[in-house]
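Got your viewer open? Load the model and follow along, one selection at a time.

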Amino acid sequence: MSKSLYIAEKPSVAQEFANALKINAKRSNGYIEADQVIITWCVGHLVTMSYPESYDPRYKRWSLATLPFLPKEFKYEVIPSAARQYEVVSSLLNRPDVDTIYVCTDSGREGEYIYRLVAQMAGVNDKKQKRVWIDSQTEEEILRGIREAKDEAEYDNLSASAYLRAKEDYLMGINFSRLLTLRYGQNISNYLKSGKNTVISVGRVMTCVMGMVVRREREVRDFVKTPFYRVIGTFTREDLDFDGEWKSAPGSKFYESPYLYKENGFKERKHAEELIGILSASDPMEAVVASIEKKKETKNPPLLYNLAELQNDCSKMFKISPDETLKVVQELYEKKMVTYPRTDARVLSTAVAKEIHKNISGLKGFEPLKDAAEEVLNRGSYKSIDKTRYVNDKQITDHYAIVPTGQGLSSLRGLTPLAAKVYEVISRRFLSIFYPPAIYQKYALELVAEKEHFYSNFRVMLEEGYLKVADGSKKKAEEKTEEIVPDSETQDENNSETSQKQMDNPAFIAMLGSLKKGMQLPVKKLIIKEGETSPPKRYTSGSMILAMENAGQLIEDEELRAQIKGSGIGTSATRAEILKKLFNIEYLSLNTKTQVIVPTLLGEMIYDVVNASIKQLLNPELTASWEKGLTYVSEGSITSEEYMQKLENFVAGRTAWVLKLNNHYDLRNVFDAAAANYKKQK
């Protein structure tokens, strides 16, 4: 009797397939077998690329004479620690009674690569191979994936891009790490007095990320704070005060004056004092309402979470690293509670939208959102979700956004407090899209006193809309819906404080509504508010993940920026691991309390070496364009051969360039400049 073999990526996933198939099976060492079904698993990667010395023993010793290393055929080998499970999987793949293989590794480029390497090493031939592509591990989704499994050959382009990604990282890592270590490692060791030759580790993505952090740190250091002085007026009506900020406007004594820092501030305090003196000459001080604009503003729910957005929010909310976030959401995925985490999409597919009521219904069993889920179902807004921006098949490549499945809630009690919080964050974002927008009344005031103009902006919340569920605070949900918040784009600190005090005052809201053009208002006081320009913000672990995802924004060339839009550097599956490696090799340092990332002295020195030798590795343009090239391969737009030719030319060309350089002495000066900021470390 012929059998079907299912290959999962992990033992826990294999068990979920066994449960979904409802097979009466016996568990053996490394697999589960029933009458017509065998289920086995990898343990992550079972096979890896061989080191250069496997090609020729002479490559074991690092030497410039053996560079560049560009094999025509790549060798692979079984990972020693996984050899036992590999033998199990390999023997099952080649069992005579197995006629169909269902590939059930994670549905993505890396999962495809894991299986293809095993099948290649095991020499699988003459077997029907089908790909199971699923978005969650619920029984329903597993059975759908098996039922709709496509021929594995349909994923050949994805497989090709996976092989190329590995070859690219391998060739760049081995060639450039050896090249730069041999050329500059001793320089760094001598400078640091470390007593051993420094190994310089570089890579296609990691070196670019390190470069982004070092550049930002140097921008912060080089930033010179500039003080400026603003004039704030306090105006009164019906015994209620509000603030307005002075800005230069036509007719002002200081219109287009060289004394201005910007239109709303002075370079020196004395000119702010001069302005106050002019205004104070009137007794009493009064201002006329020159204009008042009132308009409604709607704020729609944000798009759903992809992995990068979730990692960024968790970094801010819970002060955890992207790697920790991925571990948590992976756990939730394996407990069937959320959909596949390694996704770049922030929308749902049309097919999922048709069945989305099931996800919502399941959340009735989640106490914090029980009422919200019930409300969404009663509203029926989910029925038309496919006509909104939250559903778009064109914006989905492998998987749709991260959303709760509505299942697996029996695992809630076993979750860590952090995992429970992350699940709630995902679920709140999900339910938000079925709520109406928040609605505000905006007020923009312009007041004139002695030809000088003051401006004030307010937003009054009229309808809470989706914020009712998006905000986890029960207290805020119970507050009155009429809420005043400052307009973030134009409000100053002082005005913000004023607004906060009057947030719950209906009289203040009524007063704003009663203001009309031409009204005269007393000016209660005028003060000078001193401020200073702010340096760029350092990256946090979360903002770095977003910066990697949106690396195209860092590129000045408009055509290239458009070309790589949506590709970024790294992938949702690899970004957290890349950051983790940079911390582990001590090129970057992470403050675990604030999640702020800064370079180390070693990291800055490596940056300077790369900048003086293979500068392209530091640029998002190169890294993102390579990633875009891999996308083209997976889409079938270009061939693997075309991609490899470009890659080999790049590696060979850069190697030849570095071998010609004689810049060791020049590096001493840039090392000194970096080291001046790390005196405690030296």
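Start with a nonpolar patch on the surface: select Trp62, Leu64, Leu182, Val199 and Leu659, which together make about 380 Å² of it. Keep in mind as you look around that this is a predicted model.

Now keep just Trp62 selected. You'll find Trp62 in the loop that runs between strand E5 (47-49) and strand E6 (76-78). Is Trp62 buried or exposed? Neither, quite: its relative accessibility is 32%, so Trp62 counts as partly exposed.

**Zoom out**

Show the whole protein chain as a cartoon. There are 24 helices and 20 strands to find, and the C-alpha atoms fill a box of roughly 100 × 70 × 45 Å along the principal axes. Of the 682 residues, 54% are buried. Turn on the surface and you're looking at about 32,000 Å² of accessible area, with 48% of that belonging to carbon and sulfur atoms. As for contacts between residues at least 6 apart in sequence, 78% join residues at least 24 apart.

**Colour by charge**

The protein chain carries 96 positive and 94 negative charges, and the mean positions of the two sets are 3 Å apart. Side chains of opposite charge can pair when their charged atoms come close. How many salt bridges does the structure hold? The count is 46, and a few of them make good stops.

- **Asp56 and Arg58.** Their side chains meet in a salt bridge, at 3.4 Å from N to O. Asp56 is partly exposed because its relative accessibility is 26%; Arg58, at 47%, is partly exposed too.
- **Asp608 and Arg218.** Here the N to O distance is 3.1 Å. This pair links distant parts of the chain: Asp608 sits in helix H21 (residues 601-611) and Arg218 in helix H6 (residues 206-222), 390 residues apart. Why does Asp608 count as buried? Its relative accessible area is 5%, and buried means under 20%. Arg218, at 23%, is partly exposed.
- **Lys358 and Glu355.** The closest N and O atoms of this salt bridge are 2.9 Å apart. Lys358 is partly exposed, with a relative accessible area of 37%, and Glu355 is partly exposed at 36%.

**Last stop**

Select Arg109, Glu110, Arg165, Glu168, Asp169, Arg204 and Glu627 together and show their side chains. Salt bridges that share partners join these residues into one network.

Technical notes. Residues are numbered from 1 along each chain as its sequence is written. This is a predicted model: local features need pLDDT of at least 70, side-chain atom pairs count only at pLDDT 80 or more; totals for chains, interfaces and linings use all residues. Side-chain values use heavy atoms; hydrogens and water are left out. Helices (H or I, at least four residues) and strands (E, at least two) are DSSP runs, numbered from the N terminus. Buried means under 20% relative accessible area, exposed over 50%, partly exposed in between (1.4 Å probe, protein chains only). Contact means heavy atoms within 4.5 Å. Accessible areas come from the Shrake-Rupley method with a 1.4 Å probe; for residues, only the protein chains shown count as cover. Lys and Arg count as positive and Asp and Glu as negative; His and the chain ends are not counted. The place of a charge is taken as NZ of Lys, CZ of Arg, CG of Asp or CD of Glu. Patches are made of residues with over 30% relative accessible area and no salt bridge: like charges are joined within 9 Å, nonpolar side chains (Val, Leu, Ile, Met, Phe, Trp, Tyr) within 5 Å. A salt bridge is a side-chain nitrogen of Lys or Arg within 4 Å of a carboxyl oxygen of Asp or Glu.
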